[in-house]
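Got the structure open? Give it a slow spin, then use the notes below to find your way around.

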Amino acid sequence: MKLGSHVSMSAPDYLLGAVKEAVSYGANAMMIYSGAPQTTKRVSTSLFKIPEAHQYMDSIGFDKENIILHAPYIINLGNTVKPETYALAVDFLKQEINRAKQLQVKIIVLHPGSHVQAGSEAGLNKIIEGLNTVLNDEKDIIIALETMAGKGSECGRSFEEIKYIIDGVQNKQCIGVCLDTCHIWDAGYDLTQFENVLDQFDTIIGLHYLKVLHINDSKNSLGASKDRHENIGFGHIGFENLIEILYHPKLMHLVKILETPYINDIPPYKEEIAMIKTKKFNANLREDVLSKNEN
Ligand code: FE
Ligand code: FE
Ligand code: ZN
């Protein structure tokens, strides 16, 4: 299985530090942000220690294809209200694609955007316009649109909305989907019937567009439209349902990324990855994570 979590990419070791963090969790995949996820401030990629990281990855057999980049949250291609917000989104995404190429990362996860009171149709059409501007002459890069929980004015809350965007994008080889289990659960897709959900995805969007998964439990009940992640097995989706998704034969080739919450500022990923690998729920996850820091 290609399994990991989001890891931090920060000074001084950036990509090299990110890989080492992933390896410390027992992961063979990871998701990075090219800087703080809430901002568009970015340092030069020359500081990222890319050659050192690649050398290290080669030496331990960590596959570069298992690295995913996530664009920052504040990028909003769907904003028809403020032209400068849209322009910033287009400009930043172009730069992000360049950073991805230097990192030799192929998949960039993107929150489609928010329509900010202009209505979803206006938002979706603006997102299509932005993606066509950015992806026009691209190849060897895939923007994976993340399925959203449907809070506020988020676009991409249903498979139909994601499909609508993909239909509008001209350069189809550069577009894909990131399925977030917490988000689709909160959007009303019943993951206790995963075979049904996967069939719907295939019928509406096409399974070949699925490029990466975010595996999170949810603090909220089905259809809550909230987007609050929970640790694996501790939320409303539940351990068995998440295991079924993680081990689904049609999804085995895809990278799966945990974005579950830290426990008292300590990342729980080593323990959660162990649970997933052994398929055994650990009711003492919290205690196990906390006890690590006591000695
Ligand atoms: Fe995301
Ligand atoms: Fe996500
Ligand atoms: Zn989320």
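What follows is a quick tour, topic by topic.

Keep in mind that this is a predicted model. In it, 8 strands close into a barrel, and His70, His111 and Glu146 hold an iron ion (ligand 1). A zinc ion (ligand 3) sits 5.5 Å from that iron ion (ligand 1).

**The barrel**

- Going round the barrel, the order of strands is E1-E2-E3-E4-E6-E8-E9-E12, and the pairing is parallel.
- On average, neighbouring strands of this sheet are turned by 30 degrees against each other, direction ignored.
- In general, strands of a sheet pair through backbone hydrogen bonds, and they can do so in parallel or antiparallel fashion.
- Strand E3 (residues 67-70) is a handy place to zoom in: 3 bridges join strand E2 (residues 29-32) to E3, and 3 bridges join E3 to strand E4 (residues 107-110).
- Look for Ile68 in E3, which is the bridge partner of Met31 and also stands opposite Ile107 in E4.
- Which way do the side chains of E3 point? Ile67 and Leu69 go one way, Ile68 and His70 go the other, and all are buried.

**The iron ions**

- The iron ion (ligand 1) is coordinated by His70 (NE2), His111 (NE2) and Glu146 (OE), at 2.1 to 2.3 Å.
- Along the chain, the donors of this iron ion (ligand 1) are spaced H-x40-H-x34-E.
- The two histidines link distant parts of the chain: His70 is in strand E3, while His111 is in the loop between E4 and strand E5 (113-114), 41 residues apart.
- Both His70 and His111 are buried.
- Glu146 does double duty, as it bridges the iron ion (ligand 1) and the iron ion (ligand 2), which lie 3.3 Å apart.

**The zinc ion**

- What coordinates the zinc ion (ligand 3)? Here you'll find His183 (NE2), Asp227 (OD) and His229 (NE2), at 1.9 to 2.3 Å.
- The spacing of these zinc (ligand 3) donors in sequence is H-x43-D-x1-H.
- His183 lies in helix H6 (residues 181-186) and His229 in strand E11 (residues 229-230), so this pair ties together parts that are 46 residues apart in sequence.
- His183 and His229 are buried.

**Helices and how they pack**

- Helix H3 (residues 83-103) and helix H4 (residues 120-135) have axes that come within 10 Å and cross at roughly 35 degrees. This crossing of H3 and H4 is right-handed.
- On the H3 side of the contact are Tyr86, Val90, Leu93, Lys94 and Ile97, and they meet Lys126, Glu129, Gly130, Thr133, Val134 and Leu135 in H4.
- Sort the residues of that H3 and H4 contact by type and you get 6 nonpolar, 2 polar and 3 charged.
- Helix H8 (residues 239-246) is mostly covered, with 6 of its 8 residues buried. Those buried H8 residues are Phe239, Asn241, Leu242, Ile243, Ile245 and Leu246.

**Backbone oddities**

- The peptide bond from Ala11 to Pro12 is cis, with omega near 0 degrees. You can find Pro12 in the loop between strand E1 (2-6) and helix H1 (14-24).
- Tyr14 isn't a glycine, yet its phi is positive, near 40 degrees. Tyr14 lies in helix H1.
- Is Tyr14 buried or exposed? Tyr14 has a relative accessible area of 12%, and buried means under 20%, so Tyr14 counts as buried.
- Val116 is another non-glycine with a positive phi, about 35 degrees. Val116 is found in the loop between E5 and H4, and it is partly exposed, with a relative accessible area of 29%.

**Two loop residues to click on**

- Ala187 lies in the loop between H6 and helix H7 (194-204), and at 27% relative accessibility it counts as partly exposed.
- Not counting residues up to four places away in sequence, Ala187 touches Met148, Ala149, Arg157 and Gly223.
- Ala187 and Ser153 are 34 residues apart in sequence, and their C-alpha atoms are 13 Å apart in space.
- His253 lies in the loop between H8 and strand E12 (255-258).
- His253 has a relative accessible area of 52%, and exposed means over 50%, so His253 counts as exposed.
- The C-alpha atoms of His253 and Ile166 are separated by 22 Å, and the two residues are 87 residues apart along the chain.

Technical notes:
Residues numbered from 1 in each chain as written. Chains lettered and ligands numbered in written order. Predicted model: local features only at pLDDT ≥ 70, side-chain atom pairs only at ≥ 80, totals over all residues. Heavy atoms only, no water. Donors = N, O, S within 2.8 Å, 3.2 Å for Na, K, Ca; no water. Helix = DSSP H or I, 4+ residues; strand = E, 2+ residues; numbered from the N terminus. Buried < 20%, exposed > 50% of the residue type's maximum accessible area, 1.4 Å probe, protein only. Axes fitted to C-alpha atoms, helices over the stretch in contact; angles between N-to-C directions. Left-handed = near helix turned anticlockwise from the far one by under 90°. Contact = heavy atoms within 4.5 Å. Nonpolar A, V, L, I, M, F, W, Y, C, P; charged D, E, K, R; others polar. Pairing = 2+ DSSP bridges.
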